[in-house]
Amino acid sequence: SGRYAVPKLVSAAKSDPSNARPYLDALGEILLSDDAEVAELADNALVEMTDSNIPNLTSASQHVLVEHGVLRHTRALNALEALGAVRGTLNRNEPNYDAAYTVDLLILDQRWKGTDVDLALAGRLIKLGAVHIDRGSEVNPQVLAKLRQQFGRLTVRYRTTGCLGIYGTDAPYGVFLQSVVPGSPAEQAGLRQGDFIVRVDNLQRPSMTQLVEYLEKQTPGGRIQIAAQRSSGRRLLTKVALGTDFGTGTCACLSESTPTAASARLDAAR
């Protein structure tokens, strides 16, 4: 049976890496099994060999996993959702955007019953844009770091993390605003495309990375002071109440009735 065949195939592949492909293909066939436990053994064996640092074995194992990418994606997403993870989808107009195999958001809130091992299944998804984690959902930072390594632009957000609603880049004066999210705290504070953020509280001429790191330490509803400069030279000094993008990926202002606002106030009181 597949259960006993997997270790034998792994041993044969490792003993002759240059001619390992038939053994790896056989593992790929076992991965198709309806027996979830046996399929998982084959999947884990192939993943382990991609980390073997044996050139032929590593590349060939990776190729087999890619060949079965859609199946692995579907199984992983079904398993994550069965454990309480919620898939969030954004409106996207990107060229070649495939909604079927792109998970924009994976939300872990009070419904999440999985472990760190279970969350590692997210590494089998074809594309993953962001993981949003509710307060109280314990997640090992090492698991998140590995997912960040796999999905280069993965963002990790928490319900208790505030947002401003800008897209920017580094500039000599601080951060140049490439765009401002409609309806965001930044827009309501009067910031607009083409402005330069030259100071945030006591942070002078921040880089975009410094600004993001600073905002990640603030809570939704928390107020920060921003000094900005227009291309015309006009200066703007404003106080901004941060919003939230939890569960949506789009930064929006809070209202007093927003659950996140109450959560932020509770955290601040502790």
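## Helices α1 and α3

A helix axis is a line fitted to C-alpha atoms over the stretch in contact, and angles run from 0 to 180 degrees between N-to-C directions. The model described here is predicted.

Helix α1 spans residues 2-15. Its axis and that of α3 come within 9 Å and cross at roughly 15°. Angles under 35 degrees count as roughly parallel. α1 and α3 are therefore roughly parallel to each other. Their crossing is right-handed.

On the α1 side, Gly2, Arg3, Val6, Val10, Ala13 and Lys14 make the contact. They meet Glu37, Val38, Leu41, Ala42, Ala45, Glu48 and Met49 of α3. By class, this contact has eight nonpolar residues, four charged and one polar.

## Helices α2 and α3

How do α2 and α3 pack, by angle and axis distance? The angle is about 145°, and the axes lie 7 Å apart. This crossing is left-handed.

From α2 come Leu24, Leu27, Gly28, Ile30 and Leu31. From α3 come Val38, Ala39, Ala42, Asp43, Leu46 and Met49. The contact residues divide into nine nonpolar, one polar and one charged. In α3, Val38, Ala42 and Met49 take part in the contact with α1 and also in the contact with α2.

## Helices α2 and α4

Helix α2, residues 21-31, also packs on α4. The angle is about 30°, with the axes 10 Å apart. α2 and α4 are therefore roughly parallel to each other. α2 passes α4 in a right-handed crossing.

Arg21, Leu24, Asp25 and Gly28 make the contact from α2. Leu57, Ala60, Ser61, His63, Val64 and Glu67 make it from α4. By class, four of these residues are nonpolar, three polar and three charged. Leu24 and Gly28 of α2 touch α4, and both also touch α3.

## The second largest pocket

How much space lies in the second largest pocket? About 780 Å³. Its lining has 24 residues. Nearest its centre lie Val47, Arg72, Gly123, Arg124 and Gln150.

Which elements give two or more residues to this lining? They are α3 (36-50), α4 (55-67), α5 (69-82), α6 (116-119) and α7 (141-150). Helix α3 thus appears here as well as in the contacts with α1 and α2. Helix α4 also contributes to the lining, besides packing on α2. By class, the lining has ten nonpolar, seven polar and seven charged residues.

## Positive phi at two loop residues

Most residues other than glycine have a negative phi. Asp201 has a phi near 50°, a positive value in a residue other than glycine. Asp201 lies in the loop between β7 (196-200) and β8 (203-204).

Where is Arg205 found? Arg205 sits in the loop between β8 and α9 (208-216). Its phi is near 40°, a positive value in a residue other than glycine. Strand β8 thus borders the loop of Asp201 and the loop of Arg205.

Conventions:
Residues numbered from 1 in each chain as written. Predicted model: local features only at pLDDT ≥ 70, side-chain atom pairs only at ≥ 80, totals over all residues. Heavy atoms only, no water. 1 Å grid on protein atoms, 1.4 Å probe; cavity = no way out; pocket = protein on both sides within 12 Å on 5 of 7 lines; lining within 4 Å. Points joined across faces, edges and corners; volume = space filled by probe spheres on them. Helix = DSSP H or I, 4+ residues; strand = E, 2+ residues; numbered from the N terminus. Nonpolar A, V, L, I, M, F, W, Y, C, P; charged D, E, K, R; others polar. Parallel < 35°, antiparallel > 145°, perpendicular 65-115°, else oblique. Left-handed = near helix turned anticlockwise from the far one by under 90°. Contact = heavy atoms within 4.5 Å.
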